Amino acid sequence: MTNENVPKLRFKEFTGEWETVKLGEISQITGGGTPSTDVQEYWDGTINWYTPSEIGEDKYVSDSNRKITKKGLDHSSAKLLPEYTILLPTRATIGEMSIITKESTTNQGFQSVIVNENSNFEFIYYLLSTLKKTLIKNASGSTFLEISGKEIKKLKIKLPSLKEQEKIANFLSKVDNKISMIKEQLTNREEFKKGLLQQMFV
């Protein structure tokens, strides 16, 4: 009989069960907003303002397609999120995620996760990435699916000690870095091949 609070694969120096908690107990869940597009002085500023379509392809994001001004921030429901907040789209691309590397804002299609200091934000990012089906299952709506901040706060997750979180996050980050290197090498080889083809068949 297996214990549901102990993972099948684990670093040997760690023992004991993982604790079951609600996501809202270890993080702050924050929505976003959109400044009026009719007011030009709210836009083309220096504050990142993300939309769901920009999220998910990269683990870390640092530069949004559009930006807002301080006035735009002050005159909308958009909120300034601290660095290392996990941006979690709650419409259309539910379950896709990215981590911001600088203070940013989002539109209303997000319920972003600000992880508290007693948990590792990268660990929570990887953990949430395994729960995409659960997030979609808890979404509702007739026109399009959307999951509320209330539902996200209630999401149950299993947490090990902070040291084990950090160990797992560091390991998975190294795997991600290796994958990125391989992708870059593959892209370079594809470009090299294209160059050869153009020279050989002209």
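## Val115 and its neighbours

Val115 sits in strand S9 of this predicted model. With a relative accessibility of 16%, Val115 counts as buried, because the cut-off for that label is under 20%. Leaving aside residues up to four places away in sequence, Val115 touches Ile26, Ser27, Ile86, Asn120, Phe121 and Ile124.

Lys71 is not part of that neighbourhood: Val115 and Lys71 are 44 residues apart in sequence, and their C-alpha atoms are 27 Å apart in space.

## The largest nonpolar core

Let's move on to the core. The largest nonpolar core has 28 residues, and the members that touch the most others are Leu23, Ile86, Val113, Phe123, Ile124, Leu128 and Ile157. At least two residues each come from helix H1 (23-26), strand S9 (111-115), helix H3 (121-129), strand S10 (156-159) and H6. The top supplier is H3, which puts in 6 residues.

Ile124 is worth a look, being one of those well-connected members. What does Ile124 touch, if residues up to four places away in sequence don't count? The list runs to Leu23, Ile26, Ile86, Val115, Ser119, Ile157 and Leu159. Ile86 and Ile26 turn up again among the contacts of Val115.

There's also another core, lying apart from the largest one and made of 8 residues; Ile55, Val61, Leu87 and Ile114 are among them.

## Aromatic pairs

How many aromatic pairs does the structure hold? There are 5. One of them joins Trp43 and Trp49 edge-to-face, with the ring centres 4.9 Å apart and 90° between the planes. Both tryptophans are tucked away from the probe: Trp43 counts as buried at 5% relative accessibility, and Trp49 does too at 6%.

Tyr125 and Tyr126 make up another edge-to-face pair, at 5.2 Å centre to centre and with 70° between the planes. That angle earns the edge-to-face label because planes over 60 degrees apart are counted that way. Are these two tyrosines buried or exposed? Tyr125 and Tyr126 are both buried.

## A nonpolar patch on the surface

Now for the outside. Phe192, Leu196, Leu197, Met200 and Phe201 form a nonpolar patch on the surface, and together they have about 580 Å² of accessible area.

Phe201 belongs to helix H6, which covers residues 162-201. At a relative accessible area of 67%, Phe201 is exposed, since that label takes anything over 50%. H6 also supplies at least two residues of the largest nonpolar core.

Technical notes
Residues numbered from 1 in each chain as written. Predicted model: local features only at pLDDT ≥ 70, side-chain atom pairs only at ≥ 80, totals over all residues. Heavy atoms only, no water. Patch = residues over 30% accessible without salt bridge, like charges linked within 9 Å, V, L, I, M, F, W, Y side chains within 5 Å. Areas by Shrake-Rupley, 256 points an atom, 1.4 Å probe, with all protein chains shown as cover. Salt bridge = Lys/Arg side-chain N within 4 Å of Asp/Glu carboxyl O. Helix = DSSP H or I, 4+ residues; strand = E, 2+ residues; numbered from the N terminus. Buried < 20%, exposed > 50% of the residue type's maximum accessible area, 1.4 Å probe, protein only. Core = buried A, V, L, I, M, F, W, Y, C linked by side-chain atoms within 4.5 Å. Contact = heavy atoms within 4.5 Å. Phe/Tyr/Trp six-rings, centres within 6.5 Å; stacked < 30°, edge-to-face > 60°.
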